[in-house]
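Here are a few exercises to work through with the model open beside you. Try each task on your own, then follow the solution step by step.

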Amino acid sequence: MDGSDESLAETFWAVTRRLRHQTKRALEPWEISPGQARALGVLMRHGALRPGALAEHLRIAPRSATEVIDGLQERGLVERRPDPADRRATLVAPTAEGQRVGAAIRQARATEAERFFGVLSPGDRAELARILRRLRED
């Protein structure tokens with residue numbers, strides 16, 4: 001098949017699979033799942049969050065967020081602490097080790113993204129980014 005018989009959706013999914021596999025390989029040194037890496041990244045960008053707010057940022061169910069948080073806490077990458085605004089509530093925040101690992105993961109992912117998208121010209125990259133943002137909005 002020369003690609004002309006492949007649908008746009010099939011091509012998109014093939015590229016997505018390739019990027020997902022590459023991301024998993026990039027995360028192997030830290031033995032962290034892509035979902036855990038995303039959660040750690042959100043906490044690094046936004047600071048301490050309630051678990052429900054983290055779930056909203058990740059677009060996952062609160063129960064799933066709890067599992068992700070538990071996994072990160074077991075590894076010493078995040079901690080739960082009381083919310084000073086409401087002692088009944090809990091905040092989740094990265095630990096010092098979580099900050100270190102999160103920064104290393106961000107750098108590794110940036111390197112992998114550069115390798116992955118590096119085959120495209122700057123103009124093609126800008127156009128692809130524009131198209132993907134448009135699709136994400138709908």
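## Exercise 1: Two loop residues

E31 sits in the loop that links α1 (8-27) to α2. This is a predicted model, in which local features need pLDDT of at least 70, side-chain atom pairs count only at pLDDT 80 or more, and totals for chains, interfaces and linings use all residues. Residues are numbered from 1 along each chain as its sequence is written, and side-chain values use heavy atoms, with hydrogens and water left out.

**Task.** Find the sign of phi for E31 and for R59, and decide whether each residue is buried or exposed.

**Solution.**
- Step 1: E31 is not a glycine, yet its phi is positive, at about 50°.
- Step 2: The relative accessible area of E31 is 67%, so E31 is exposed (buried means under 20% relative accessible area, exposed over 50%, partly exposed in between, with a 1.4 Å probe and protein chains only).
- Step 3: R59 belongs to the loop between α3 (51-58) and α4 (62-74). R59, also a residue other than glycine, has a positive phi near 55°.
- Step 4: R59 counts as exposed because its relative accessibility is 74%.

## Exercise 2: The order of elements

**Task.** Work out how many helices and strands the chain has, and in what order they run.

**Solution.**
- Step 1: Count six helices and two strands. Helices (H or I, at least four residues) and strands (E, at least two) are DSSP runs, numbered from the N terminus.
- Step 2: Reading from the N terminus gives α-α-α-α-β-β-α-α.
- Step 3: Look at how the strands meet: β1 (residues 78-83) and β2 (residues 86-94) pair in the antiparallel sense over six bridges, where pairing requires that DSSP finds at least two bridges between two strands.
- Step 4: A hairpin of two residues connects β1 to β2. One bridge matches P82 with T90 in β2.

## Exercise 3: A residue after the hairpin

**Task.** Which backbone atoms does the side chain of T95 reach?

**Solution.**
- Step 1: Locate T95 in the loop between β2 and α5 (96-117).
- Step 2: T95 counts as buried because its relative accessibility is 16%.
- Step 3: The T95 side chain comes to 2.6 Å from the backbone oxygen of G76, and to 3.0 Å from the backbone nitrogen of G98. Such a polar contact is a pair of N or O atoms within 3.5 Å; within protein, one must be able to donate a hydrogen and the other to accept it, and residues adjacent in sequence count only if both atoms are side-chain atoms.
- Step 4: Setting aside neighbours within four places in sequence, T95 is in contact with G76, L77, V78 and E79 (contact means heavy atoms within 4.5 Å).

## Exercise 4: A buried helix residue

**Task.** Find what surrounds A39, leaving aside its neighbours within four places in sequence.

**Solution.**
- Step 1: A39 is part of helix α2 (residues 34-46).
- Step 2: With 0% relative accessibility, A39 therefore counts as buried.
- Step 3: Beyond those sequence neighbours, A39 is in contact with L54, L58, V68 and L72.
- Step 4: Take V68 from that list: A39 and V68 are 29 residues apart in sequence, and their C-alpha atoms are 7.5 Å apart.
- Step 5: Step back to the chain: 29% of its 138 residues count as buried.
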